[in-house]
Amino acid sequence: MRKKKSYAGNAQSVIPVVLTGLFFVMLIGGCGSKKTETIPDLEEPAASNASYQQVTYGNIGTTNVLLGTAVPKEYGQAYEANVTVTKILVEPGDTVEKGDVLAYADVDEASASRKAKQQELSHENTVYELNQKINQLKQDKLANQQKQQDTAENNIQDAAENNIQEEDDMQESATENNTQETEAEDITSQIAVLQENSRYDTKLHEYRVQKLNEEIAALDALIADGTLKANHSGEVVYTKSLTVNRKAGAGENVAIVADTEDLAIELKDVTVQNYKYKDVSEKYMLQSGERVPVTEREYSTDELVLAKINNNYPNVLIEKPEGVELKAGELYPIYFEEKRAEHVLLVGNDSLYQEDGETYVYVKAGDDTREKRKVTAGAADDHNTQITDGLAEGEAVYYETTERMPSDYTEYTVERSDFQVENHGLKYGRADKNARVYLAAKEGEIVKIAVEKDAEVKKGDLLYIINTGEGKAAITEAANAIETENTSYQKQQADYDAQLAELENGLDSASDYDRQMITLQKEIAEADHNQTLQQLQAAYDTLSRGNDGTGKLSVYADADGQVSKITAWEGDTVEAGEEILKMKGETSDLLLVQMVSSKSVTVYTDDIAEVGEPVSITSGDTTYTGTCVGFAAGSNNLDEGCIYTDEDGVHYTFQTTSGYDAPAFYVRMDDEIVDDMGKGGSVDFPYISMEDVVVLPAGMIYEEKDAMNPKKVSYFVWKVEEGHLVKQYVLLDDTLTGNGKVVLTGVEAGDVLARE
């Protein structure tokens, strides 16, 4: 689901391109002025050029084209609980097998999290059971009230039957009876509401308990050994940056493994939610000019539900057609054809004339003559119209164009070739592996640096002390929160005791029910208080660790390591987020390339190399080669994630920032990294790469605007047919421009065109 390419000059990386006239008309005839003495009296528009086009069979309709890139399927590797990652064993480019250990997490922290979850589960069960008892007491109280009313009603009816009451008393009794019936209906309704609330609360409780038990089970599995194991075999293409943050949330990618044997074509910025071409009958790609039918990869209902929950819909994937070899990183156009009429006789729209509501054409009758002929038109598109009566295949019809025909040209034979636009990364250097950078959490003054460069430290050792001026306030605020909770709880309990005191002398059944319910509410309040107090105390303890209450904060190592760099010193004032010191990582044989802009070189800063794409570094007279093996997470792909299904169910995972200011990727060089690679060179790689396509010099392609709609633009070339020039419409995408333009359809290898 991550973004692989975006194309400069467009708001989106995939722009639908409309082609009208699915099969272009073969045009024949000569260029030159028309013979005015032989033209019938039909009023015609003025034109600077005229010729003939042949009547032929073809299709009427529209073709849309979406651009996609061949990508491997990705599998997120994430813990199912919140953890602190202590070490990642792999880096981009490594090959792993299913079950291999990828990372380790802090087991002690997981144990503390499990304890908190267990307390939350206990609180959930306690409060649920007490609320259910209160609900049942409310139902019993209403049922008892109903029973008393029924008894009173029976007594009234008995008295009426025995003629004990006078007439007025009978009327009063009847009114009272109606009131009691209304009250009985109201009580029945109240009981039904309480029963429905109980059912709803039970379902909600069962869901909460299920989720808590799942989280506890995940923590238990983590506590067992702290490892994260690969859920799929493949190549590692991403690892979480521990330099930025060792904390990983549940579902956060610690690594991503790509199955390089399972390639598909990902349509850029076209998600399953905004995809418009699902029901188009004909979808295909072109291989050496031949159509190859394609189908979309189907996402399961569970995957789509999970995508909706996370508000992150996956991009549409086109399956690799059987017998077609895809190359990772290559760009592939996908065609969506919608026909209005298939295999019908047609002519170009510029050959049709209207007179008195009738449609006419001029058919070539001789070298210098043409015949005016009435025809019946059918379906039409932007360039061609179906002819249902009046013409036969092979006849030549007159047309005029306001476009200038080349008067001096050479013949150009169309060939298929490769097309590539280069991109350049100017900022690069050796990547860090498992390095840990300690950043200032708040602005302040460094009071003490407790370690030296190259010193070995253990988890829990003091690293530095910073005076933020906020330490005392933070602890005071946390202590006040605890005091406020205690005061609120005591007042609440006092209110309940006062209510019980008022009911103390009540001997009726209603008072007894009320006393029981208030007693249960006191127990719920106590359970809520204990749970809240535990959470507030945990927050206070966290703030207190390393905080002396005067504003001085002590920072401790969260893992074993060796100090490789100290950036700030005692007495320095630092900003929040500024680097203080760095722990040594492991030696990496990867280069990290960051896509920064340049005033002297064209750099597409929103684009990174694709996994598997070749790269080169030119420094002076030396060129070094390598391959892109992975990517970092930054502004270009933070909104991406992985959705997939395996034997354990459906998964959604996501990635967090790697901390770089620009999109970045990793390169493994073919030879050992040397210092000269970083001296004044650039990492060169494909921005756009296509194989076996028609590429024409830009000057051979002409633009035609619709007079009625200037924003509607068509493109055409001049084709040489039997020594004459004819107009041939072609389909382009403006993003596919470099040393020439890619023609998606309209001309093929072997066609002869005019080149001025």
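Valine 563 has methionine 583, in strand E30, as its bridge partner. That pair belongs to a stretch where strand E28 (residues 561–566) and strand E30 (residues 579–583) run antiparallel, joined by 3 bridges. Keep in mind while looking around that this is a predicted model. Step back from the two strands and you'll find an open, antiparallel sheet of 4 strands, ordered E23-E30-E28-E25. Strand E23 (436–439) and strand E25 (456–457) sit at its edges with a single partner strand each, so one side of each has no neighbour in the sheet.

There's another open sheet to look at, again with 4 strands and antiparallel pairing, in the order E27-E26-E24-E29. Here strand E27 (552–556) and strand E29 (573–574) are the edge strands, pairing on one side only. Strand E26 (residues 462–467) runs antiparallel to E27, and 5 bridges join them. For a way in, pick isoleucine 466, whose bridge partner in E27 is leucine 553.

Just past E30, in the loop that leads to E31, comes serine 588. Is serine 588 buried or exposed? Its relative accessible area is 1%, so serine 588 counts as buried. Apart from neighbours within four places in sequence, serine 588 is in contact with Glu91, Arg430, Ala431 and Lys433.

Now for the nonpolar interior. In soluble globular proteins, nonpolar side chains tend to be buried together. In this model the largest nonpolar core has 28 residues, and Leu591, Phe665, Met669 and Val683 are those with the most contacts inside it. Several strands supply at least two residues each to this core, among them strand E10 (253–271), strand E31 (590–594), strand E36 (664–669) and strand E37 (682–696). A second, separate core of 21 residues includes Val90, Leu102, Val236 and Val254. Back in the largest core, phenylalanine 665 is worth a closer look. Leaving out neighbours within four places in sequence, its contacts include Leu591, Val593, Ile608, Cys628, Phe631, Val683 and Phe685.

On to the charged pairs. The structure holds 43 salt bridges. One of them joins lysine 98 to glutamate 647, with the closest N and O atoms 2.4 Å apart. The two residues are 549 residues apart: lysine 98 is in the loop between strand E5 (95–96) and strand E6 (101–105), while glutamate 647 is in the loop between E34 and strand E35 (649–654). Lysine 98 is partly exposed at 46% relative accessibility, whereas glutamate 647 is exposed at 57%.

The helices have salt bridges too. Lysine 117 pairs with glutamate 215, the closest N and O atoms being 2.9 Å apart. Lysine 117 lies in helix H1 (residues 107–161) and glutamate 215 in helix H2 (residues 167–225), so this salt bridge ties together parts 98 residues apart in sequence. Helix H1 also holds lysine 141, whose partner aspartate 514 is in helix H5, so this pair ties together parts 373 residues apart. The N to O distance for lysine 141 and aspartate 514 is 2.8 Å. Elsewhere, salt bridges that share partners join Glu282, Arg291, Glu337, Lys339 and Glu342 into one network.

Helix H5 (residues 509–544) also contains glutamine 537. The C-alpha atoms of glutamine 537 and alanine 479 are separated by 8.4 Å, with their positions 58 residues apart along the chain.

To put all this in context, the chain has 5 helices and 42 strands. Of its 756 residues, 46% count as buried.

Terms used:
Residues are numbered from 1 along each chain as its sequence is written. This is a predicted model: local features need pLDDT of at least 70, side-chain atom pairs count only at pLDDT 80 or more; totals for chains, interfaces and linings use all residues. Side-chain values use heavy atoms; hydrogens and water are left out. A nonpolar core is a set of buried Ala, Val, Leu, Ile, Met, Phe, Trp, Tyr and Cys residues joined through side-chain atoms within 4.5 Å. Buried means under 20% relative accessible area, exposed over 50%, partly exposed in between (1.4 Å probe, protein chains only). Contact means heavy atoms within 4.5 Å. Two strands pair if DSSP finds at least two bridges between them. A salt bridge is a side-chain nitrogen of Lys or Arg within 4 Å of a carboxyl oxygen of Asp or Glu.
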